Protein chains: 2
Amino acid sequence: MTQSELNQESDREQNRLSLGSMEDLLAYRLRSAQYLLFTVHSEVFNRYKITPGLYGILIAIRYNPGCSQIAVCNRLHIDSSAMVAALDKLQKLEFVERRPSPNDRRQRALYLTEHGVAAMQEIETEVATQEKSLLTNFSTSERTTLMQLLERFDR
Amino acid sequence: MTQSELNQESDREQNRLSLGSMEDLLAYRLRSAQYLLFTVHSEVFNRYKITPGLYGILIAIRYNPGCSQIAVCNRLHIDSSAMVAALDKLQKLEFVERRPSPNDRRQRALYLTEHGVAAMQEIETEVATQEKSLLTNFSTSERTTLMQLLERFDR
DNA sequence: TATTGTTATACTCTATAACTATA
DNA sequence: TATAGTTATAGAGTATAACAATA
């Protein structure tokens with residue numbers, strides 16, 4: 001077996017091609033860390049038949065009961081036509097209600113159902129627990145530093 | 001105008017519904033920061049008719065000339081059938097060549113074309129410049145801290 | 001006139017299964 | 001038997017334009 005064949009073998013086992021300068025890119029590091037979080041959380045999301053995107057919508061409604069669809073769209077950078085399909089799904093899962101808005105008859109006021117509230121409490125707890133266990137080898141000050149640095153990219 | 005109408009008005013202007021506990025989630029902060037980076041880089045990617053995903057593939061090939069498709073798939077968590085379409089695009093853009101592998105006739109050895117090498121030099125420079133300008137209000141030590149913390153999520 | 005939500009549509013991304021040629 | 005690459009296909013996500021109801 002030649003040296004180049006050995007390298008290929010080792011690559012295959014480790015799944016580790018070099019990505020050169022990309023490994024020093026913030027965009028790559030963010031994507032890479034997010035991929036890990038996504039993988040860890042996906043089991044919970046699957047169990048409740050939602051996705052990270054739908055989870056964001058549920059959170060927005062949970063903390064802003066009665067908000068309009070467009071408000072959620074703007075906050076989460078979701079297209080208004082995509083929001084229709086997403087809410088249809090969440091309504092079918094009986095997590096969300098669309099009620100007529102008292103202020104503006106064009107708008108729908110969004111609310112979690114009782115079932116939605118209960119499910120969200122469970123999901124939020126599980127997600128938070130998973131994050132904590134992912135951060136066990138980070139000190140308290142490292143965690144706050146990381147969060148504070150990331151917050152500075154908000155907007 | 002009532003107080004609730006004022007709140008709605010202010011929400012609309014600021015696009016700022018509260019996301020409650022989600023704002024303390026690492027997963028949310030990562031996604032949020034990544035969205036900003038994605039937005040900033042998208043103009044460059046559009047100009048070269050590529051996407052962040054295709055950029056990752058180009059980088060992998062650039063730093064591992066002659067690598068197989070499956071090696072890139074494994075490194076970047078891309079499905080092998082999706083890789084076919086991605087490489088078809090990159091070949092049509094004349095960024096990439098698929099050559100027969102000398103070691104294993106099942107494999108294709110991937111290489112950047114001359115045009116691909118030139119384009120990648122330009123793109124990598126622009127991307128790095130954009131990141132630098134995004135990080136202007138971070139001190140040198142803040143930047144290294146951020147990157148080192150994020151690296152610890154790598155696998 | 002402008003905005004909210006909807007539909008229709010199209011395009012991309014992703015994932016699965018079945019196939020081929022090679023090992 | 002197993003692997004690399006391909007095709008076909010179906011599902012999800014995303015974006016655009018046109019529309020009805022309402023402001």
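This report describes the symmetry, the DNA-facing surfaces and the largest pocket of a predicted model.

Local features need pLDDT of at least 70 and side-chain atom pairs count only at pLDDT 80 or more, whereas totals for chains, interfaces and linings use all residues; side-chain values use heavy atoms, with hydrogens and water left out. Residues are numbered from 1 along each chain as its sequence is written, while chains are lettered from A and ligands numbered from 1 in the order in which they are written.

**Symmetry of the protein chains**

A turn of 180° with a shift of 0.0 Å along the axis lays chain B on chain A with an RMSD of 0.0 Å, the superposition being by least squares on the C-alpha atoms of residues with pLDDT of at least 70 in both. The two copies are thus related as by a two-fold rotation axis. Of the interface residues of chain B, 98% are also interface residues in chain A, so the copies meet through the same surface; contact here means heavy atoms within 4.5 Å.

**Surface near DNA strand C**

A residue is near a strand if one of its heavy atoms lies within 4 Å of it. DNA strand C is surrounded by 18 residues, and the closest are I70(A), R98(A), R106(A), S81(B) and K89(B). Of the atoms of DNA strand C that come within 4 Å of the protein, sugar and phosphate account for 65%. The surface near DNA strand C comprises 2 nonpolar, 7 polar and 9 charged residues. In this classification, Ala, Val, Leu, Ile, Met, Phe, Trp, Tyr, Cys and Pro count as nonpolar, Asp, Glu, Lys and Arg as charged, and the others, Gly among them, as polar.

Selected polar contacts (pairs of N or O atoms within 3.5 Å) with both strands are tabulated below.

| Protein atom | DNA atom | Distance |
|---|---|---|
| I70(A), polar backbone atom | strand C, phosphate oxygen | 2.6 Å |
| R98(A), polar side-chain atom | strand C, phosphate oxygen | 2.8 Å |
| K89(B), side-chain N or O atom | strand C, phosphate oxygen | 2.9 Å |
| K89(A), polar side-chain atom | strand D, phosphate oxygen | 2.8 Å |
| I70(B), polar backbone atom | strand D, phosphate oxygen | 2.6 Å |
| R106(B), polar side-chain atom | strand D, base oxygen | 2.8 Å |

Helices are DSSP runs (H or I, at least four residues) numbered from the N terminus. Two or more residues of the surface near DNA strand C come from each of α4 (69-76) and α5 (80-92) of chain A and α5 (80-92) of chain B. With 3 residues, α5(A) gives the most to this surface.

**Surface near DNA strand D**

Around DNA strand D there are 18 residues, of which S81(A), K89(A), I70(B), R98(B) and R106(B) come nearest. Sugar and phosphate make up 69% of the atoms of DNA strand D that come within 4 Å of the protein. The residues near DNA strand D divide into 2 nonpolar, 7 polar and 9 charged. The greatest contribution to the surface near DNA strand D, 3 residues, is that of α5(B).

**Largest pocket**

A pocket is an open set of points on a 1 Å grid over the protein atoms alone, where a 1.4 Å probe fits, with protein on both sides within 12 Å along at least five of seven lines; lining residues have an atom within 4 Å of a point. The largest pocket has a volume of about 550 Å³, a volume being the space filled by probe spheres set on the points. Its lining holds 21 residues, with R31(A), Q34(B), F38(B), P52(B) and G53(B) nearest the centre. The lining of the largest pocket divides into 14 nonpolar, 5 polar and 2 charged residues, and its largest share, 7 residues, comes from α2(B).

Methods
Polar contact = N/O pair within 3.5 Å; in protein donor to acceptor, adjacent residues only side chain to side chain.
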